[in-house]
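Subject: A structure for you to explore

Hi,

I'm passing on the structure we talked about, with some notes on what turned up in it. Have it open while you read, and look up each residue as it comes along.

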Amino acid sequence: MKARVMAFFCLVVSLFTISNLYSVYSEIKFQEAFDTMLTRYYTINQFLVTFTDDVELYDRYLDDKSETNWMNYMRNNLQVNHYITNMIQDAQNQSLNGYLLTQSVKNMYVTYDEMVRSSLSDPGEAVQMEQIRDISEMISSNTIKLLQANLSYGLETYHGISTGIETRRIISGNLIIIVITISIVFLSFLSDHILNPLILLAENIKAVEQEQFQIPDLPVDKDDEIGRTNRSFNSMKARLQQVIAELKAREELTRQLHERELKVINSEKMLESARLSYLQSQINPHFLFNTLNAISGMATVEKARTTNEMILCLARIFRYNLESPHRIVPIVKELSLIKNYIYIEKKRFGERLNYVLKADIDLKNYGIPPLTLQPMVENCINHGILKRENGGTVEIKLFLSQGFLVLKVLDNGVGMEEAQRQALLSGKKLSGMEGVRSGIGMRNVFDRLKLAYPDCQIKIYSKKNRGTCIEIRIKEEECSSEESIDRG
């Protein structure tokens, strides 16, 4: 039923729209064609008039050779050139005969103009004067022919368009009559098959609303929308009393289901906490091995002072890892870990490694998951800076922007390929040992950040031989909560 109603209205609207648009389009095209014919005829006629004046002014000049007559001729000549230019531009829209005549007039006029200007050097050549007069007469003759050709072509076009408009008006009138007839028939069908059944359905709904369930069932004699609606209403009415009786039992079931959902939520929270603890417990073992090798090497070169300081830094790193089971720690603690880590790395690589910290926030008032920045700094050093012969700089920037805490870890190292960057962001495994070493720690950091702050934004920018920037954006209210930050 719905499909039939929609099809009818679409048909009516389409017929009216097509009819009106077609009529408007025909009128516009007729107006455009008529305006074009008038403009073309006016241009050709004006060319003929101004060219005739041009010939007369030139004859006057030949009689007395006065400068005034020559200036009058030149001014009139500009108008002639203007009209001939317009005629050439419009030549493509004319009939074939008109196009050829226009080109002929244009070519003869060019010859005429050249001969007139060349006659200034030798105005006494009788033969040349005679040729100029002959060409001017031919131009006038062909222009008159062009006017007649365009008049004939315009009349044919006008009659063709007029006949088409009349035909389209007849078609539009017939379409209107057809639409009105179809509308009357359909309205009668609509009243019998839709409106009356809907009125009866409304009356039954009102009766059910007043809890009058003993009313007769609605007729179901057709398998259309009305029939299916009546069948559904009858079924609804039969079940309504049963539904009312079952409400109390369902309320009890809902209460029990709610209690189970609370248990499931608590279990999911415990599972998330366990996963977070597992992720935080992962440490890159190659860093520990490299550090121990560096301490061993320094012990053979120096005495005990530097080695002792390196051991203390390493001990502080171990202590931080073991004493940070909490989900969030102040950023100042994380930067203290970075300071100890950088000290050890500086002893290993000397002037090849530089470290810069820029913080525009109070580091004690904002927290992040532990071991967030250190893996990123380590990745910048091992896979960016140390691959350059002259080393480079690792820079950490912390600031607030548009309600977000922004953490940036940058280096001016060798950068990475687009495939590596995409793999780090997506969590896919990188091919080769390089991917394994850089991927595990970084994916660990990104996973823990997503667990702690589901809405945080993580981006990586990198250019080959220019460096890499890892940017993390966390909503300020999520990382500055006093309850979530461990102040111990």
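Let's begin with a term you will need straight away: helices and strands here are DSSP runs, of at least four residues for a helix and at least two for a strand, and they are numbered from the N terminus. With that in mind, find E351, which sits in the loop between α8 (331–349) and β2. Is E351 buried or exposed? It counts as exposed, because its relative accessibility is 67% and exposed means over 50%. E351 also has a partner to look for in space: its C-alpha lies 7.7 Å from that of G391, although the two are 40 residues apart in sequence.

**The whole protein**

Please keep in mind that this is a predicted model. The mean pLDDT is 78, and 79% of the residues reach 70 or more. Among the elements, β5 has the highest mean pLDDT, at 96, while helix α6 (residues 285–301) has the lowest, at 59. Take care with residues 432–437, where pLDDT stays under 50. For that stretch the model has 8 contacts beyond four places in sequence.

The protein has 488 residues, and 38% of them count as buried. Its secondary structure comes to 12 helices and 7 strands. About 29,000 Å² is exposed, with carbon and sulfur atoms supplying 57% of that area. If you look at contacts with a separation of 6 or more, 72% are between residues 24 or more positions apart.

**The sheet**

In what order do the strands of the open sheet lie? The order is β2-β4-β5-β7-β6, five strands with mixed pairing. At the edges are β2 (353–359) and β6 (457–463), each of which pairs on one side only. From one strand to the next, the twist averages 10°. Helix α9 (residues 373–385) packs on this sheet and touches β2, β4 (392–401), β5 and β7. The direction of α9 makes about 25° with that of β5.

As a reminder, strands of a sheet pair through backbone hydrogen bonds, either parallel or antiparallel. Two pairs are worth following by eye. Strand β5 (residues 404–411) pairs with strand β7 (residues 467–475) in the antiparallel sense, over 8 bridges. Here L405 has I474 in β7 as its bridge partner. On to the next pair: β6 and β7 also run antiparallel, joined by 7 bridges. S462 stands opposite T468 in β7. These two strands form a hairpin with 3 residues between them, and N465 in the turn has a positive phi of about 65°.

S462 comes up again when you look at R421, a residue of helix α10 (residues 418–426). Leaving aside neighbours within four places in sequence, R421 is in contact with M416, I460 and S462. R421 is buried, because its relative accessible area is 17% and buried means under 20%.

**Salt bridges**

Side chains of opposite charge can pair when their charged atoms come close. How many salt bridges does the count come to? It comes to 10, and a few of them make good examples.

Start with E471, which forms a salt bridge with K408, the closest N and O atoms being 3.7 Å apart. E471 belongs to strand β7 and K408 to strand β5, so this pair ties together parts that are 63 residues apart in sequence. E471 counts as buried, at 7% relative accessibility, whereas K408 is partly exposed, with a relative accessible area of 21%. E471 also forms a salt bridge with R473, and there the closest N and O atoms are 2.7 Å apart. Both E471 and R473 are buried.

Another network lies elsewhere: E252, R255 and E259 are joined by salt bridges that share partners. Within it, the side chains of E252 and R255 meet at 2.5 Å, N to O. Both residues lie in helix α5 (residues 225–280), 3 residues apart, which is about one turn of the helix. E252 counts as partly exposed at 35% relative accessibility, and R255 does too, at 41%.

Enjoy exploring, and send me any questions!

Best wishes

Definitions and conventions:
Residues numbered from 1 in each chain as written. Predicted model: local features only at pLDDT ≥ 70, side-chain atom pairs only at ≥ 80, totals over all residues. Heavy atoms only, no water. Buried < 20%, exposed > 50% of the residue type's maximum accessible area, 1.4 Å probe, protein only. Contact = heavy atoms within 4.5 Å. Areas by Shrake-Rupley, 256 points an atom, 1.4 Å probe, with all protein chains shown as cover. Pairing = 2+ DSSP bridges. Axes fitted to C-alpha atoms, helices over the stretch in contact; angles between N-to-C directions. Salt bridge = Lys/Arg side-chain N within 4 Å of Asp/Glu carboxyl O. pLDDT = per-residue confidence, 0-100.
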